[in-house]
Amino acid sequence: MTASEGRLVGDLAKAIDESDFAWSLVLVGEDQRDKLAALTSDLLGKPSTTGDGKQITSGYAYWGIGPTIAWAHACADPFYLVMKQSLDSFTRRWSRVRGKVGSGFHHVSFGVGTGHKDRLVLDHLLDHNPDLLYVPVDMSSEMLRLGTQQATHGLRVRGHRVVPVQLDFSIPENLAEFRDLVHRMVGDEPVLYSLLGNTMANFDHDAELLAGLTGLVRPQDLFLLEVATTDALSDELAQDAVEEYARSRAYREFATSALMHNTDLTITLDAVRFRGAVEGDRALKVKVVYQNGTGGDIMMMLPDRTRVPFPDQDTIRLYLTRKYARKALDGVVGAAGMRKVVGTHSDFPVPRSAQGFGMDLLLLAPGGPDEPATSGSGSRARDIWEH
């Protein structure tokens, strides 16, 4: 970088820090035309009455301002109990874990969401590293702005130390580039990575996703994982899990929002169906689908303006989630090359038939017999503005 270029980025950093305006600087890691093409391809899947053909994969459920706003509304809905209870209990669960995270840590958050949980994490980390770097990562630029503003509101983090990154972190090639970016920014200083809000459960290949993310972790780093859990697995409990989502109108509006904004279908919330099942010995699985129950075929326009049939009884999978068997968590963590440093669990106050549902928060370190590093050597992370 030349001296003039260095002055330019330094002046930009100063302008962001000193401005009262809500500037949002985002590193865009992907060509959005490619994302639109991938979404179109997913909506061209084969006919299926069970949600195994056409689909909107995880990241696209939040892609765009409409789905982002719908998600924020759903999270505030008291009838969306699984989210309400997750948010309400996070403060308590984090307070039991954070003592194992020492000084000097920076924070990389995968799937920033509404930012409420990141704010609690940052508040603690800033006490031990006032010059930390905060890197929220999401496929949706709109979600990044919403979540980042909430996460940093009222905290002592300088604007140019917040580096939102638009990236689909389920793609291995993206993670390889992102790893190099993060390591260049922080040098040898430790990073607390996080995947909160049961985000892992939204991916078809959830174990592979976790392994990819934990592959970024070096010996001095830690990884914070939050998952929804169940004490037992049964078809009856799978239906109880379904009810947690089905009772919330705001959740149905969120689940259909991406479909409404990317096709010309006239959305009917009554067409949203919830399918619960036991996934082997590891989880309860819930699929949310949109089903054509009109009695005839419908022509549907896709994002590229192609018109295709949406046959009678065909489905489009809108969302996927899970509740993991608590007894299977050690295996899930171990398969990702990690080990549990500390974990905490909160039960949900739910109907008697669904007792055993809850949320687990796990602090992980790279697998092996050695104790994990829980402190850094001070705050000397490379500034993205540094010249």
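How far apart are the end C-alpha atoms of helix 7, and what should its 15 residues span at 1.5 Å a residue? The views below start from the whole chain and then take up that helix. The model shown is predicted.

**Figure 1. Overview of the chain, with its 11 helices and 14 strands.** The C-alpha trace spans about 65 × 45 × 35 Å along its principal axes. A compact globule of 387 residues would have a radius of gyration near 21 Å; the chain has 21 Å, which agrees. Buried residues account for 54% of the 387 residues. Take the contacts between residues at least 6 apart in sequence: 77% of them join residues at least 24 apart. The accessible surface comes to about 16,900 Å². Carbon and sulfur atoms hold 51% of that surface.

**Figure 2. Helix 7, residues 172-186, from end to end.** The expected span for its 15 residues, at 1.5 Å a residue, is 21 Å. The end C-alpha atoms lie 21 Å apart, which agrees with that expectation. Gly187 follows the helix. The phi of Gly187 is positive, near 65 degrees.

**Figure 3. The buried and exposed sides of helix 7.** Asn174, Leu175, Phe178, Val182, Met185 and Val186 are buried. Viewed down the helix axis, the buried residues fall within an arc of 90 degrees, so they line one face of helix 7. The face turned away from this buried side carries Glu173, Glu177 and Arg184, which are exposed. Several elements cover the buried residues of helix 7. Among them are strand 3 (106-110), strand 4 (134-138), strand 5 (165-166) and strand 6 (191-195). Helix 8 (206-214) is also part of this cover.

**Figure 4. Strand 7, residues 222-230, covered on both faces.** Nine of the nine residues of strand 7 are buried. One side presents Leu222, Leu224, Glu226, Ala228 and Thr230. The other side presents Phe223, Leu225, Val227 and Thr229. The residues on both sides are all buried, Glu226 included. Strand 6 runs parallel to strand 7, and four bridges join the two. Leu225 of strand 7 is the bridge partner of Leu195.

**Figure 5. Two residues other than glycine with positive phi, Asn198 and Arg305.** Asn198 sits in the loop between strand 6 and helix 8. The phi of Asn198 is near 60 degrees. Is Asn198 buried or exposed? At 6% relative accessibility, Asn198 counts as buried. Arg305 belongs to another loop, between strand 10 (298-301) and strand 11 (307-310). The phi of Arg305 is about 75 degrees. Arg305 is exposed, with a relative accessible area of 66%.

**Figure 6. Helix 2, residues 32-42, against helix 10.** Which residues of helix 2 are buried? They are Lys35, Leu39 and Thr40. Seen down the axis of helix 2, these residues fall within an arc of 140 degrees, so they line one face of the helix. The buried residues of helix 2 pack against helix 10 (249-262). Arg33 and Asp34, on the other side of helix 2, are exposed.

**Figure 7. His160, in the loop between helix 6 (141-152) and strand 5.** His160 has 5% relative accessibility and counts as buried. Along the chain, His160 and Gly187 are 27 residues apart. Their C-alpha atoms are separated by 17 Å. Gly187 is the residue with positive phi that follows helix 7.

**Figure 8. Val82 of helix 4, residues 81-97, and its contacts.** Val82 is buried, with a relative accessible area of 7%. Which residues does Val82 touch, leaving aside those up to four places away in sequence? The contacts are Glu244, Tyr245, Lys323 and Phe348. Phe357 is 275 residues from Val82 along the chain. The C-alpha atoms of Val82 and Phe357 are separated by 9.3 Å.

Notes. Residues numbered from 1 in each chain as written. Predicted model: local features only at pLDDT ≥ 70, side-chain atom pairs only at ≥ 80, totals over all residues. Heavy atoms only, no water. Expected span 1.5 Å × (residues − 1). Buried < 20%, exposed > 50% of the residue type's maximum accessible area, 1.4 Å probe, protein only. Arc of directions from axis to C-beta. Contact = heavy atoms within 4.5 Å. Rg over C-alpha atoms; globule rule 2.2 N^0.38 Å. Areas by Shrake-Rupley, 256 points an atom, 1.4 Å probe, with all protein chains shown as cover. Pairing = 2+ DSSP bridges.
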